[in-house]
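The following paragraphs walk through one model, from the overall dimensions of a chain to a few places on the surface. Please keep the view at hand while reading.

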Amino acid sequence: MLLQLLSYVAFMVFLVVVLAKVVKYARMPLHLRWELYPIPHEKGREYGGSYFEELDWWKKPVEKSLIGEIKFMIPEILFVRGVYHDNRKLWYASFPFHFGIYLVIGWLALLFVGALVNIAGLPSVNPITTFIQSLAVIFGAVGFVVGSIGCLGLLMLRTFDRNLRHFAAPKDYFNLLFILAIFLTGLLSWTSSDPSFEVSRDYMKSLIAFSPMTGASPSLTAHIALLSLFIMYLPFTQMTHFVAKYFTWHTVRWDDERNMRGSAIEARVGKVLNYKQNWSAPHIKSGDSWATIATEEVE
Amino acid sequence: MKRQTIRLKDISKSSEQMVELNPADFMRLPYPYDTVDSEPAFKQLTEEQKKKYEVSVDGVVALSLPRPETKAEEDELVRKFLSGLGKLLTKENNWTFLQPLSLTLEYCAKCQTCNDACPIYTGSGKQEIYRPTYRSEILRMIYNKYLKRGGKALAKFTGNDIDLNWTTVARLAELAYRCTLCRRCAQTCPMGVDNGLVTHELRKLFSQEMGIAPIELHSSGSMKHLKDGSSTGLIPVALKDTVEFLEDDIKDRTGLDIKFPMDKEGADILLIHNAGEFLAWPENPMAFAIIFEAAGLNWTLSSQSIGYDAVNYGLWYDDVQLARVALKHAQIAKELGVKKIVIGECGHAHKAISVIADRVITGELNIPRESCMTLLEDIVLNGKLNLDPKRNDFPVTLHDPCNLVRLMGVVKPQRNILNKICPQFREMEPHGVKNYCCGGGSGFAIMPSMNFPDWRSSVSGRMKFKQILDAFQDVIDPNIRKMVCAPCSNCKGGIREILSYYDAWEKTGIAYTGLVEFIVNAMVDIGEPYIEWPDEM
């Protein structure tokens with residue numbers, strides 16, 4: 001049960017800390033606009049235009065294209081498109097690394113579904129069960145291989161590319177080696193002891209059913225332990241950029257929300273202008289609110 | 001000679017100079033500047049200047065930062081720096097950028113994707129200290145080590161083992177003025193991190209906490225603007241005289257009797273120019289007046305202090321100054337009872353009042369702000385003027401001001417106008433939201449301190465000069481006159497300095513002007529050509 005306990009704790013820590021991060025960023029006050037074009041929800045302005053190109057723009061309706069955003073986000077998330085365009089050398093490692101992680105997440109999800117189906121009483125030899133398990137094998141096996149390749153590639157780049165090496169810290173190598181160990185133990189357990197991932201699924205089942213589990217090979221045990229520890233460690237690192245990227249894009253780069261009279265934005269502006277600042281430079285009276293210092297006559 | 005490798009930690013180590021700039025290392029320019037000897041000599045600082053000011057980054061001075069005289073002074077400045085950094089991360093002191101800054105400090109993956117997007121890093125021949133990630137990473141290291149819980153204990157493992165001393169602080173202060181805030185780096189960041197914002201926030205820290213800012217931006221810039229009416233020193237009485245002079249000049253050049261409407265209450269439009277135009281390029285406000293009158297617009301200028309100068313230098317270094325100027329502009333528009341404010345050809349003024357200050361201006365002060373580009377596009381494309389493109393039949397290229405284009409999304413109107421009235425219009429590459437800065441952005445165009453202008457023209461403006469030369473390579477013969485359209489006062493200033501530094505008019509026949517000048521030049525009702533070439537002045 002020690003292994004299961006580790007997995008439960010890891011999952012809980014992950015959830016709580018990631019959620020805390022989301023709340024932290026979501027609760028930050030309204031900031032000044034700092035958008036960067038192109039903004040993909042600007043309908044028909046893929047070249048980078050904005051509503052400011054319209055004469056009397058404030059009299060025109062707001063037209064936002066959700067499809068435009070989705071068309072940007074899917075290739076960015078799945079294929080790391082930005083890196084493909086702007087840093088091809090890095091992309092050759094970054095893409096397999098990220099895609100490997102996505103496949104492993106998919107593998108875990110399929111094991112979870114397979115375990116649920118199993119708990120629900122469907123027999124082991126059944127088209128649905130077989131399909132889910134076969135898919136899990138593809139996701140897991142390909143994920144471990146592709147992820148390992150990407151991970152090794154990133155390690156090589158961090159070590160041998162002088163642009164990256166001069167900025168690399170011990171923790172960067174530690175993180176990559178940690179992830180590589182997860183991929184490799186997963187690969188080892190698949191090839192040596194769990195070719196159909198049925199033992200892995202049984203472990204998932206034991207987690208769902210709070211039941212004991214036996215029969216995990218040393219490689220699978222190592223894989224589960226490492227994965228659990230990583231899930232626990234991840235929220236404390238900058239690898240939570242999957243959270244950050246929502247905010248950097250949606251609430252900074254693409255935030256072109258207009259401040260119209262009587263709008264919700266205007267109410268939020270009113271609130272932040274009442275914050276009392278304590279900057280120390282001679283031209284700012286420390287202790288006054290932003291509204292006061294912005295409207296006082298300078299001497 | 002092999003260049004010395006500069007590491008992050010080197011910023012804290014005392015040395016005469018971190019890097020020695022050598023024009024032979026800089027990015028190569030196209031013909032006729034494709035040889036090292038075509039590079040003008042880079043002005044060196046005098047021994048006296050070196051003794052007096054902090055020059056240990058690259059031997060260039062933007063800030064004129066005096067060296068502290070005692071260790072106690074140094075320690076106090078370091079303490080203030082750290083206190084300011086802490087304030088940048090509180091909502092009360094920095095609600096204005098807390099979220100973008102926090103994300104930027106936490107999530108850089110150090111992948112270096114942004115470096116090649118930076119015209120200063122690439123233009124300099126890839127000087128390590130000019131990487132967008134260099135100064136940003138230093139700030140992250142200081143933040144992680146000195147302000148985060150457990151930062152010092154984990155500093156070696158997390159790669160934040162940096163010494164915060166006066167040398168570090170002084171060099172960061174100078175490095176904050178080796179970036180034009182063009183934000184090309186941010187555009188390429190796969191995390192959405194914004195290393196340009198780090199420059200902006202560093203400048204704010206120095207200004208708002210330590211009272212350190214380039215004299216041209218602060219005491220002779222935004223403070224002068226707020227106290228005297230304009231950062232140019234143009235006081236309201238002098239403005240009236242200047243406007244009368246411009247009216248006479250219009251009469252002499254075009255035969256038109258035009259009176260600039262001043263302080264006209266209830267006008268549809270309050271037009272605010274960068275006041276530098278009145279003094280350095282009077283043909284620009286004159287052209288606006290000619291066009292607006294010919295199009296029958298109901299418009300006015302303000303003669304009230306601050307109301308006739310659209311600049312807002314706070315955008316580059318100080319949020320308090322930004323808010324003060326923006327609110328004054330809005331207040332003046334409200335008192336005049338105008339329907340909208342139209343911003344003249346000034347990129348940073350566009351962004352300051354339209355985008356950034358959108359979250360400072362509320363209630364009755366929230367008067368719509370519009371770019372002159374859209375208004376001019378409406379006038380030109382909808383036949384409100386009688387225009388003959390043949391009058392502009394010479395090669396023309398367009399510079400995209402970063403603030404107007406990448407940072408505000410006004411991309412098409414100006415090119416629609418040029419396409420209509422300039423038969424030989426050609427784009428620079430890249431252009432639009434992928435443009436390169438003129439090299440004078442974020443205040444650089446108005447900073448003439450010591451050898452900074454040489455650095456500006458040969459390093460920060462280098463990529464722009466290359467783009468201009470590339471755009472005109474097929475007509476590079478100096479006998480073929482050609483023009484860069486730069487619809488922004490600061491960009492015009494930056495480009496003017498580059499062209500002058502490289503004797504570009506003499507060697508290539510390239511000149512520059514704003515956008516409205518092309519429109520008036522194409523007006524069939526104006527007898528003489530309106531655009532003046534350098535050899536006709």
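Helices, as the word is used here, are DSSP runs of H or I with at least four residues, strands are runs of E with at least two, and both are numbered from the N terminus. The model itself is predicted, and what follows should be read with that in mind.

Chain B offers a convenient place to begin, with 24 helices and eight strands. Its C-alpha atoms fill a box of roughly 75 × 55 × 45 Å when the box is taken along the principal axes. For 537 residues, a compact globule would be expected to have a radius of gyration near 24 Å, and chain B, at 23 Å, agrees with that expectation. Buried residues account for 69% of the 537 residues in chain B, where buried means under 20% relative accessible area.

On the surface of chain B there is a patch of negative charge in which B:D241, B:E244, B:D248 and B:D252 gather. One of these residues, B:D241, belongs to helix α12 of chain B, which covers residues 236-254. B:D241 has a relative accessible area of 48% and is therefore partly exposed, because exposed is reserved for values over 50%.

A patch of the opposite sign draws on both chains, since A:R27, A:R268, A:K271 and B:K91 form a positive surface patch. Within chain A, A:R27 sits in the loop that runs between α1 (2-26) and α2 (66-79). The relative accessibility of A:R27 is 71%, so A:R27 counts as exposed.

The helix that follows this loop, α2 of chain A, contains A:F79. A:F79 is also part of a nonpolar surface patch, together with A:L66, A:I70, A:I74 and A:L78, and these residues have about 440 Å² of accessible area together. With 39% relative accessibility, A:F79 counts as partly exposed, which is consistent with the requirement that patch residues have over 30% relative accessible area.

A last stop, still in chain A, is A:G287, which is found in the loop between α11 (264-273) and α12 (290-295). A:G287 has a relative accessible area of 33%, and so is partly exposed. How far apart in space are A:G287 and A:N163, C-alpha to C-alpha? The two residues are separated by 124 residues in sequence, and their C-alpha atoms lie 44 Å apart in space.

Technical notes
Residues are numbered from 1 along each chain as its sequence is written. Chains are lettered from A and ligands numbered from 1 in the order in which they are written. This is a predicted model: local features need pLDDT of at least 70, side-chain atom pairs count only at pLDDT 80 or more; totals for chains, interfaces and linings use all residues. Side-chain values use heavy atoms; hydrogens and water are left out. Patches are made of residues with over 30% relative accessible area and no salt bridge: like charges are joined within 9 Å, nonpolar side chains (Val, Leu, Ile, Met, Phe, Trp, Tyr) within 5 Å. Accessible areas come from the Shrake-Rupley method with a 1.4 Å probe; for residues, only the protein chains shown count as cover. A salt bridge is a side-chain nitrogen of Lys or Arg within 4 Å of a carboxyl oxygen of Asp or Glu. Lys and Arg count as positive and Asp and Glu as negative; His and the chain ends are not counted. The place of a charge is taken as NZ of Lys, CZ of Arg, CG of Asp or CD of Glu. Buried means under 20% relative accessible area, exposed over 50%, partly exposed in between (1.4 Å probe, protein chains only). The radius of gyration is taken over C-alpha atoms; the globule rule is 2.2 Å times the number of residues to the power 0.38.
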